[in-house]
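This report covers strand pairing, burial, backbone angles and cysteines in one protein model. The sequence and the coordinates come first.

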Amino acid sequence: MEVRERQSATGKRLQPTPQPQHRQHRTFSPRDRGSILYARIRKTDRQKFLKNLGITTMNLLLAEDYLLQDYPEHITNTIRSGHSTCVRFNRKGDFLASGRVDGTVVIWDLETMGVARKLRGHFKNITSLSWSRCGRYLLSACQAWKVILWDLQDGSKYREVRFRAPVYGAELHPMHHHQFVAALFEEQPMLVDVTDPVEVRHILPSVEKRSDDGADTPTKEEYAKQDASHRTTAIVYTATGEHLLAGTTKGRLNIIDATTHEIIYSEKIAGGVITTLRLTDSGKELLVNAQDRTIRTFKVPDLTSADLDPDTIQIPLEHKFQDLVNRLSWNHAAFSSTGEYVAASTFNNHELYIWERGHGSLVRMLEGPKEEQGVIEWHPHKPLLAACGLETGRINIWSVTSPQRWSALAPDFVEVEENVEYIEKEDEFDIHPHEEIQKRRLDAEDEDVDVLGDAGAGGDVAPFRMPVLFNLGESDSEEEFVNVGLGTLRRKSPDDQDDGGSVAEKPPAKKTVTQRTRTRKR
């Protein structure tokens, strides 16, 4: 700090006055600010910090890499079981359900990237999947006019409901797995309750009721024709399950009361058919994908307040995401786990787009296999994306490639940059009597050890664990494995034939005879 001496007019020496220095201000990005905030926290308080962020992994050292990256960058895995058309993560994020063209539903274990269970009951293309809050029940809908509620405890059909039209999509109630709503092809949507053995169905409207006061007969007929052309193509529950959000073929968004089954709010928000509706975990943001080449996000008001007035409901538009240069259409869209990002798969293109919701800017274009991607889903807790390839039916997974942390396997060890001199403790390598060692070993065997962790702590839903299947035939079908020896199986590669359970036989190699030419010496 500079000090400048002053002298008065009488010649007396005054106290030096410090001169302030000009600091160089540095701007940090949101990612840098999060890293600095995490670095300033003491090591003992990091567990509480991670718990507040919603990270509940068993080994917190492995989760530190995910704090520095909020969206995936590279394709890390590719899994395949038949031709998949749709995927859906469960609430906990440890299992991924995929629906195939032949009607089979496959449950994937994300820890091993293997098949945990297969559910067979449909005979046509699976159109949608929906998990229950506890993770035990799975709702699947297909084009064969049928919806099945599966019990994953034993893989049986818990309930089966048939409709009079193909099903666009079905969504389970967020709190009760006995209720679901279905959007039907050229039919009105239905709210179904399967609590009793005989299901109870409620037809939901797609348009608001019109007042008949002062309308003549031709006008009524015109209104009837317009209302008949309105069909619900996408429908989801709100976070509490008290209301329904429905999108129609005319680009209108309807809010339906789940108790009275009447529309309390309707507004035209898009210029084409609404194909996808997604809500964040909090239920305060809505994602809408329509066939007008635009993805929109909206703010959803609190619909559970006691003094809610339907006339004052407003759903303000937050952002519009579109490609103004290439004018691309979007096959499917999804929110990130925190709701800060929006991801979408493109029509007739192989790239995935990721936008930031705060500023509405494009932050990443994910490269992958050279095929068009269909349904896309974001992991509920990690920066991980899963998408179905339309041509091959493979499930491609994009994630963050984190460096290996060997100290995570042994928390007592600490990684160091250079050698550190170690001071041995006085009793560290003492030899204890054999009787004392045996007694400690017997005492340790009497303790109950929970190898799966405390999964049921701090939750309002009973925990559910997927049963382990030891039978290979139940977990994987025969066409996915080939016999290469006595008691030895391997997974079939894409080069092998799909029909039959044996490896494609190669034609025998032809014997080639080489003619040798003799040269005479002259």
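The text below goes through two sheets, two hairpins, residues with positive phi, a surface patch and the cysteines. The model is predicted.

## Two open sheets

One open sheet has four strands, in the order β3-β30-β29-β28, and its pairing is antiparallel. The edges are taken by β3 (74-79) and β28 (373-378); each has a single partner strand, so one side of each lacks a neighbour in the sheet. Direction ignored, neighbouring strands here are turned against each other by 25° on average. At the β3 edge, five bridges join β3 to β30 (residues 395-399), and the two run antiparallel. Within this pair, N77 stands opposite I397 of β30.

A second open sheet, also of four strands, has the order β20-β21-β22-β23, again with antiparallel pairing. Its edge strands are β20 (274-279) and β23 (317-321), and each of these pairs on one side only. From one strand to the next the twist averages 20°. Strand β22 (residues 295-299) is joined to β23 by four bridges, in the antiparallel sense. R296 faces K320 of β23 across this pairing, the two residues standing opposite each other.

As background, strands of a sheet pair through backbone hydrogen bonds, either parallel or antiparallel. In a regular strand, side chains alternate between the two faces of the sheet.

The table lists four strand pairs with their bridges and one opposite residue pair for each.

| Strand pair | Bridges | Opposite residues |
|---|---|---|
| β3 and β30 | five bridges | N77 and I397 |
| β12 and β13 | five bridges | A170 and A182 |
| β18 and β19 | five bridges | N254 and S266 |
| β22 and β23 | four bridges | R296 and K320 |

## Two hairpins

Which strands does the hairpin with six residues between its strands contain? It is formed by β12 and β13. The two strands, β12 (residues 167-172) and β13 (residues 179-184), run antiparallel and are joined by five bridges. A170 stands opposite A182 of β13. In β12, five of the six residues are buried, so this strand is largely enclosed by the rest of the structure.

The other hairpin consists of β18 and β19, with five residues between them. Strand β18 covers residues 252-257 and strand β19 covers residues 263-268; their antiparallel pairing extends over five bridges. N254 stands opposite S266 of β19. S266 has a relative accessibility of 17% and therefore counts as buried, the cut-off being under 20%. S266 also lies 9.9 Å from L245, C-alpha to C-alpha, while the two are 21 residues apart in sequence.

## Positive phi outside glycine

The turn of the β18-β19 hairpin includes H261, whose phi is positive at about 60°. H261 is a residue other than glycine, and its place is in the loop between β18 and β19.

R327 is another non-glycine residue with a positive phi, of about 55°. R327 sits in the loop that runs between β23 and β24 (330-335). Its relative accessible area is 41%, which makes R327 partly exposed.

## A nonpolar surface patch

Which residues form a nonpolar patch on the surface? They are V414, V416 and V420, and together they have about 310 Å² of accessible area. V416 is located in the loop between β30 and α5 (434-446). With a relative accessible area of 54%, V416 is exposed, as the cut-off for that class is over 50%.

## Cysteines

How many disulfides does the structure hold? The number is zero. Why does C388 not form a bond with the closest cysteine sulfur? That sulfur, in C86, is 6.6 Å from the sulfur of C388, which is too far for a bond; a disulfide would need the two sulfur atoms within 2.5 Å. C388 is buried, at a relative accessible area of 1%. C142 is buried too, and its relative accessible area is 0%.

Conventions. Residues numbered from 1 in each chain as written. Predicted model: local features only at pLDDT ≥ 70, side-chain atom pairs only at ≥ 80, totals over all residues. Heavy atoms only, no water. Pairing = 2+ DSSP bridges. Axes fitted to C-alpha atoms, helices over the stretch in contact; angles between N-to-C directions. Patch = residues over 30% accessible without salt bridge, like charges linked within 9 Å, V, L, I, M, F, W, Y side chains within 5 Å. Areas by Shrake-Rupley, 256 points an atom, 1.4 Å probe, with all protein chains shown as cover. Salt bridge = Lys/Arg side-chain N within 4 Å of Asp/Glu carboxyl O. Buried < 20%, exposed > 50% of the residue type's maximum accessible area, 1.4 Å probe, protein only.
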